[in-house]
Amino acid sequence: MMAGEGQGMKAKAATQKPRAGGYCLDEQVGFMLRQVNQRHSSIFAEKIGCDLTAMQWAVLSKLREIGATSQNQLGRATAMDVATVKGVVDRLTGRGLCHIAADPDDARRRLVDLTAKGRALVDAHVEVAHAISDETLAPLTAAERRTFMSLLAKLR
């Protein structure tokens, strides 16, 4: 095989239609959503500028939005399972961005909240977060963006 020939064959295979009744991965919703998510994740990692993962940003920005909440509720609000949100909160607590305290209304429950440092970090990066979303949606017109976001909300 000559240099570059393998890549041309891969590209051709990726764009060929399957035989009748076949399955084309490139046309499947899950595969397309994963590719879009990978693109968005790459944009996020490049632009956020404060050494946070997307999941850490989700926790910080949700806490800024709703205030102190239980770890369980925070997990539901950010679509994270119990173990994942616990790990994220532990790492953010270790960085001094959030803290955990007893709920004054229920001693069995613990509340997660932002520290002053965490609030300042979120406030300083909100515009960047908006820019990340804008860049992700850049290939779409304004009307397409509204439709796309509406359809995503419907699928959620």
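The following exercises, each with a worked solution, concern a predicted model.

**Exercise 1. The packing of H3 and H5**

Determine how the axes of H3 and helix H5 (residues 82-94) are placed with respect to each other, and which residues make the contact.

*Solution.*
Step 1. Two packed helices are described by the angle between their axes and the distance between the axes.
Step 2. The axes of H3 and H5 come within 10 Å and cross at roughly 80 degrees.
Step 3. Angles of 65 to 115 degrees count as roughly perpendicular; H3 and H5 are therefore roughly perpendicular to each other.
Step 4. On the side of H3, the contact is made by Met 55, Gln 56, Val 59 and Leu 60. H5 contributes Thr 84, Val 85, Val 88, Val 89, Arg 91 and Leu 92.
Step 5. Sorted by class, this contact has 7 nonpolar, 2 polar and 1 charged residues.

**Exercise 2. The packing of H3 and H6**

Carry out the analysis for H3 and H6, beginning with the angle at which they pack.

*Solution.*
Step 1. The angle is about 110 degrees, and the axes of H3 and H6 are 10 Å apart.
Step 2. That angle makes H3 roughly perpendicular to H6.
Step 3. From H3, the contact involves Trp 57, Leu 60, Ser 61 and Arg 64. From H6, the residues are Arg 119, Leu 121, Val 122, Asp 123, His 125, Val 126 and Ala 129.
Step 4. The contact of H3 with H6 divides into 6 nonpolar, 2 polar and 3 charged residues.

**Exercise 3. Two residues and their surroundings**

Decide whether Lys 62 and Val 122 are buried or exposed, and list the residues that each one touches beyond four places in sequence.

*Solution.*
Step 1. Lys 62 lies in helix H3 (residues 54-66), while Val 122 is found in helix H6 (residues 116-136).
Step 2. Buried means a relative accessible area under 20%. Lys 62 is buried because its value is 18%; Val 122 is also buried, because its value is 2%.
Step 3. Lys 62 is in contact with Gly 67, Leu 74, Ala 77 and Thr 78. Val 122 touches Trp 57, Leu 60, Ser 61, Arg 64 and Leu 114.

**Exercise 4. The largest pocket**

State how much space lies in the largest pocket and describe its lining.

*Solution.*
Step 1. The space amounts to about 1400 Å³.
Step 2. Of the 30 lining residues, Asn 37, His 40, Ser 133, Met 149 and Leu 152 are the closest to the centre of the pocket.
Step 3. At least two lining residues come from each of helix H2 (29-47), H3, H6 and helix H7 (142-155).
Step 4. By class, the lining has 19 nonpolar, 7 polar and 4 charged residues.

Conventions: Residues are numbered from 1 along each chain as its sequence is written. This is a predicted model: local features need pLDDT of at least 70, side-chain atom pairs count only at pLDDT 80 or more; totals for chains, interfaces and linings use all residues. Side-chain values use heavy atoms; hydrogens and water are left out. Helices (H or I, at least four residues) and strands (E, at least two) are DSSP runs, numbered from the N terminus. Buried means under 20% relative accessible area, exposed over 50%, partly exposed in between (1.4 Å probe, protein chains only). Contact means heavy atoms within 4.5 Å. Axes are lines fitted to C-alpha atoms, for helices over the stretch in contact, and angles run from 0 to 180 degrees between N-to-C directions. Angles under 35 degrees count as roughly parallel, over 145 as roughly antiparallel, 65 to 115 as roughly perpendicular and the rest as oblique. Ala, Val, Leu, Ile, Met, Phe, Trp, Tyr, Cys and Pro count as nonpolar, Asp, Glu, Lys and Arg as charged, and the others, Gly among them, as polar. On a 1 Å grid over the protein atoms alone, a cavity is a set of points where a 1.4 Å probe fits but cannot get out, and a pocket is an open set with protein on both sides within 12 Å along at least five of seven lines; lining residues have an atom within 4 Å of a point. Grid points are joined across faces, edges and corners, and a volume is the space filled by probe spheres set on the points.
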